[in-house]
Structures are given as structure tokens and as C-alpha cells.
Amino acid sequence: MDSYDVFISYQHIAKKIVDYLVENLERSGISCWYAPRNLIGGQEYDEAITKVISNARCVIAVISDEALESQWIKREIVFADDHNIPVIPFEIAPIKIQNGLTSRLAIKNKVVAFENPSKSIMTCK
């Protein structure tokens, strides 16, 4: 598949949450791409990501303090923003740090998932 509805940007420590999120979205007919599941062996990571984000309907950025410190997540969000791909912050924990990425995400509509993860995932459909 060359095109997906959603690109999932996340820090590896949130993998279980991402698996749950993707399972629910795909059950509703929303196709998702996230590494390492959809990364083809031998494929350049950054080339795969830019191609998928460019063709996605949106990016869901799974946000925590650790995610906000990730250079990969920053690259993915900046690339999506620069190419007018909507980014939906999906906060999985209270945010304590402030950096350039938090200011970029502050102007976006977000989903606060840490209060009730199951209900929050349903709002992404």
C-alpha cells in the first residue's frame, strides 16, 4: 500500500499505546502506518517516512515529555507542518517540558488521552 490515512509519530516507549490506538483506528477502517511494523527491510527510514507522511491524510503525534525530546518526532512533525499535512497531538501524559516542539503543537487541536485512553482513542476516528 502506497497511501495511508494516518502516519503515527511516537517514541518507542509508547509502543503498547500505539498498538492499541492503531488497532482501534484500523478496526474502524482507518489505515495507519508506523515503524517498525510498516517499514520494509532495507528501506531507508527517512525516505520511507517522508513518502508516507506526504501521502497521509494526517499525522497523529503520540506526545509525552520523552517524545518531545526525540529528534525523529520533531523531524516528522516539522515535515508534516511544512507540507500542510494536519498534525493531531495525542497526549499520553501531562507535559512538563517546554521547547520549540511544544510551541509548534500548542496551536493545534489535541486529544488528551491520559485521562481516559479508551474514550480518547474513539475521538480520533
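## Strand β1 and helix α1 in a parallel sheet

In β2, the bridge partner of V6 is C32. That contact belongs to a pair of parallel strands, β1 and β2, joined by 2 bridges. From β1 the chain passes through α1 to reach β2, a β-α-β crossover that is right-handed; the term means that, with the strands pointing away from the viewer, the path from the first strand over the helix to the second runs clockwise.

A word on the model: it is predicted, with local features needing pLDDT of at least 70 and side-chain atom pairs counting only at pLDDT 80 or more, while totals for chains, interfaces and linings use all residues. Residues are numbered from 1 along each chain as its sequence is written, and side-chain values use heavy atoms, leaving out hydrogens and water. Helices (H or I, at least four residues) and strands (E, at least two) are DSSP runs, numbered from the N terminus, and two strands pair if DSSP finds at least two bridges between them.

On to the sheet. It is open, has 5 strands in the order β2-β1-β3-β4-β5, and pairs them in parallel. β2 (32–33) and β5 (111–112) are the edge strands, each with a single partner, so one side of each has no neighbour in the sheet. β1 (residues 6–9) also runs parallel to β3 (residues 58–63), through 4 bridges. Here are some of the β1 residues and what they face:

| β1 residue | Opposite residue |
|---|---|
| V6 | C32 in β2 |
| F7 | V59 in β3 |
| I8 | I60 in β3 |

β1 is covered on both faces, with V6 and I8 buried on one side and F7 and S9 buried on the other. Buried means under 20% relative accessible area, exposed over 50%, and partly exposed in between (1.4 Å probe, protein chains only).

Now the helix. α1 (residues 15–27) lies across β1, β2, β3 and β4 (87–91), at about 150 degrees to β3. That angle is taken between N-to-C directions on a scale from 0 to 180 degrees, using axes fitted to C-alpha atoms, for helices over the stretch in contact (heavy atoms within 4.5 Å).

Which residues of α1 are buried? They are V18, L21, V22, N24 and L25. Seen down the axis of α1, these fall within an arc of 165 degrees, so they line one face of the helix; the arc is that of the directions from the helix axis to the C-beta atoms. The face turned away from the buried side carries exposed K16 and R27. After α1 comes G29, with a positive phi near 90 degrees.
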